Amino acid sequence: MKSPLFLLSLLFFLYSCTSREQVITVRGSDTMVALGQKWAEVYMNKFPEETVQVNGGGSGTGIAALINRTADICQSSRPMKASEHKKIREKFGRDVIEIPVAKDGIVIYVHESNPVAKLSISQIRKIYTGKIQNWKELGWEDKRMIVYGRENSSGTYEFFKKAVLEGEDFVDYVQTLPGTAAIVNAVSKDKYAIGYGGNAYSQGIRLVPVSRTDSSEAVEANEATVTSGEYPISRDLYFYLAKEPSNALARFIEWVLSDEAQEIVTAQGYFPIKTSKTHTKPTTSLTH
Amino acid sequence: MPIMQLQSTTSARAERIDFLMRAIILVVATIALSMIFLIFIFTFKEAKDVFFDAETRHEVLPTLFSTNWQPISDSPKYGIIPLLIGTLKTTLIAMVIAVPIGVLAAIYTSCFSPIWFKELIKPVVELLAGFPSVVIGFFALFVLAGFLQSLTGAESRLNALVAGVAMSLTAIPIIFTISEDALSAVPKSIQEASYGLGATKWETAFYITFPTAYPGIFAATILGFGRTIGETLIVLMASGNAAISSWSLIDSARTLTATIGAEMAEVVFGDPHYNVLFLIGTALFLFALILNSIAEFYIKERLMKKFRGS
């Protein structure tokens with residue numbers, strides 16, 4: 001007895017055989033979903049015989065899809081965890097292929113009227129672990145800080161915890177909001193607020209330059225400082241593959257790393273993985 | 001003779017239809033019941049590892065009743081106390097606002113207002129009941145939060161009060177419409193008897209109509225409570241979601257539902273964190289079940305006896 005679902009998928013399979021060569025399915029990070037969809041759109045306009053489907057759901061969802069073979073590419077805004085590496089090895093008998101495709105600067109937002117000129121990584125860590133609670137300690141008014149952060153399901157949360165808090169737990173009064181836009185909005189309305197998230201421009205907030213140590217110079221997040229790694233809180237955004245890419249897949253990934261696709265990265269508010277001048281063809285990363 | 005024939009065929013047809021209808025209702029009711037049962041089984045199955053899997057038990061149980069909710073940590077802590085406090089805080093605020101408004105508005109519409117007003121206001125409020133909660137959440141996040149902060153001087157803009165006030169907007173329509181139905185269902189003869197004894201309009205409304213309709217109003221309150229405690233999006237957007245154990249109404253709060261809503265998306269299947277989220281789901285399910293059972297079997301019956309003297 002054949003289930004309707006089976007028949008449906010058979011029809012879909014036949015349809016995809018006749019009309020298209022291969023469908024590339026991309027799933028994962030919500031941070032990257034708009035970027036991935038823009039890539040897919042431009043790519044399909046350029047090569048009409050290819051089909052790229054992009055879905056969000058979160059980095060973890062994408063990794064699960066990769067493990068369950070329901071996606072060819074997983075987009076992830078964080079590196080895979082050891083436990084996830086292990087699952088891939090168990091299921092596919094090989095290591096996952098990791099390809100950084102873009103960079104993202106994590107910036108610190110404060111209200112536009114906030115006069116604090118710079119923050120060091122250790123100051124940010126103290127703010128988010130509850131050791132600095134008052135703006136007076138940073139030379140401003142005697143007011144309690146209102147601290148905003150992301151939900152612990154977010155890749156940004158995990159990156160921030162690892163890179164800035166060095167693995168320490170967030171203090172319990174951090175107010176967690178769904179999405180960078182919500183944080184930007186909250187900070188813009190709250191004079192004594194501080195928040196973190198992706199590189200975003202909005203009215204009412206100011207991005208605070210960040211320094212690596214208390215004594216070093218503070219750096220603003222822009223294309224030059226993020227791609228060179230001079231800006232201290234930047235992360236890579238990844239493609240993950242669980243098996244050797246087919247020709248179509250390899251072509252798509254190669255294109256994503258091309259200058260043309262990396263310009264889309266900039267247009268979407270992220271930063272290219274390499275500046276176009278030092279750009280080298282990264283096909284070698286696909287062959288091992 | 002033809003008339004007799006007609007009658008017998010209609011009665012035979014009526015019986016057939018009757019049988020068919022009964023069968024359909026039975027099937028639908030069985031499906032609905034088994035679905036609820038299966039959902040519960042599924043939820044509990046995903047949560048049971050917290051108790052029955054040694055490794056998970058060792059990771060979860062020691063911190064389950066602590067005041068620290070830090071599931072993504074090098075040493076994960078699954079304290080649900082702040083989540084319980086947050087849920088109670090926001091739900092109570094919502095009910096304290098929604099019950100008086102909903103019930104009093106229902107009494108006014110049912111006992112005092114002219115017919116045309118009732119016919120206008122009821123559909124409007126019912127429309128409000130169908131309002132997407134995400135829109136109410138947005139409203140709370142952008143408008144209500146700032147307004148309430150300037151009113152209360154709260155340190156954090158997003159807090160339990162904002163979420164509670166926003167959630168009361170979802171509970172008011174339910175409480176209002178069901179209470180209104182209950183009040184309108186009170187037999188006119190009872191009210192007329194009251195007027196006959198010389199009682200005024202408001203005396204009749206508060207001492208006669210209201211107590212008679214009390215079981216229905218109570219059911220409305222319970223349903224409103226259920227809607228509030230299950231509300232996820234509004235609290236996710238408006239409560240600030242900080243897992244702190246504070247009873248202050250203008251501090252941030254994190255609720256059970258918001259925790260599931262925020263964290264389920266990226267949790268690794270089968271992880272202790274995943275199991276604990278399902279445990280929270282089971283707890284919410286049991287909570288709703290117990291609440292409804294109390295309403296259905298105990299209070300309603302007792303109130304019926306008290307007010308109807310039967």
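# Questions on a two-chain model

Tutor: Let's start inside chain A of this predicted model: domain 1 and domain 2 of chain A bury about 880 Å² between them, with carbon and sulfur atoms giving 61% of that area.

Student: What makes domain 1 and domain 2 of chain A separate domains?

Tutor: The bounds come from an automatic or database domain assignment. Domain 1 of chain A takes residues 4–103 + 237–275, and domain 2 of chain A takes residues 105–228. The C-alpha centres of these two domains of chain A lie 31 Å apart.

Student: How do you know which residues count as touching between domain 1 and domain 2 of chain A, and how many are there?

Tutor: The test is heavy atoms within 4.5 Å. On that basis, 10 residues of domain 1 of chain A contact 9 residues of domain 2 of chain A.

Student: Why is the pair A:Glu158 and A:Lys81 called a salt bridge?

Tutor: The closest N and O atoms of A:Glu158 and A:Lys81 are 3.7 Å apart. The limit is 4 Å between a Lys or Arg side-chain nitrogen and an Asp or Glu carboxyl oxygen, so the pair qualifies. Between domain 1 and domain 2 of chain A the count is 2 salt bridges. On the domain 1 side of this contact in chain A, the residues are 2 nonpolar, 5 polar and 3 charged.

Student: And how many polar contacts does the rule find between these two domains of chain A?

Tutor: For domain 1 and domain 2 of chain A, with both residues at pLDDT 80 or more, the rule finds 0 residue pairs in polar contact. The cut-off here is 3.5 Å, so a pair at 3.7 Å falls outside it.

Student: What makes the salt bridge of A:Lys103 and A:Asp236 a link between distant parts of the chain?

Tutor: The closest N and O atoms of A:Lys103 and A:Asp236 are 3.1 Å apart. A:Lys103 sits in strand β4 (residues 97–105) of chain A and A:Asp236 in strand β12 (residues 234–241) of chain A, 133 residues apart.

Student: Now for the other chain: how do you know that A:Glu151 and B:Arg254 form a salt bridge?

Tutor: Their side chains meet with N to O at 3.0 Å, and the limit is 4 Å, so the label holds. Between chain A and chain B the count is 3 salt bridges. The elements of chain A that each supply at least two residues to the side touching chain B include α3 (59–67), β7 (146–150) and α7 (180–189). By class, that side of chain A divides into 10 nonpolar, 13 polar and 12 charged residues.

Student: How many residues of each chain are in contact, and what area do chain A and chain B bury?

Tutor: 35 residues of chain A contact 30 residues of chain B. The two chains bury about 2,500 Å², 44% of it on carbon and sulfur atoms.

Student: Why should I be careful with residues 276–288 of chain A?

Tutor: Their pLDDT is below 50, on a scale that runs from 0 to 100. Where pLDDT is low, the predicted coordinates should not be read in detail. Helix α11 (residues 284–287) of chain A has the lowest mean pLDDT among the elements of chain A, 42. Chain A as a whole averages 85, and chain B averages 88. The model scores ipTM 0.77 and pTM 0.79.

Definitions and conventions: Residues numbered from 1 in each chain as written. Chains lettered and ligands numbered in written order. Predicted model: local features only at pLDDT ≥ 70, side-chain atom pairs only at ≥ 80, totals over all residues. Heavy atoms only, no water. Buried area = accessible area lost by both parts, 1.4 Å probe. Helix = DSSP H or I, 4+ residues; strand = E, 2+ residues; numbered from the N terminus. Nonpolar A, V, L, I, M, F, W, Y, C, P; charged D, E, K, R; others polar. pLDDT = per-residue confidence, 0-100. Polar contact = N/O pair within 3.5 Å; in protein donor to acceptor, adjacent residues only side chain to side chain.
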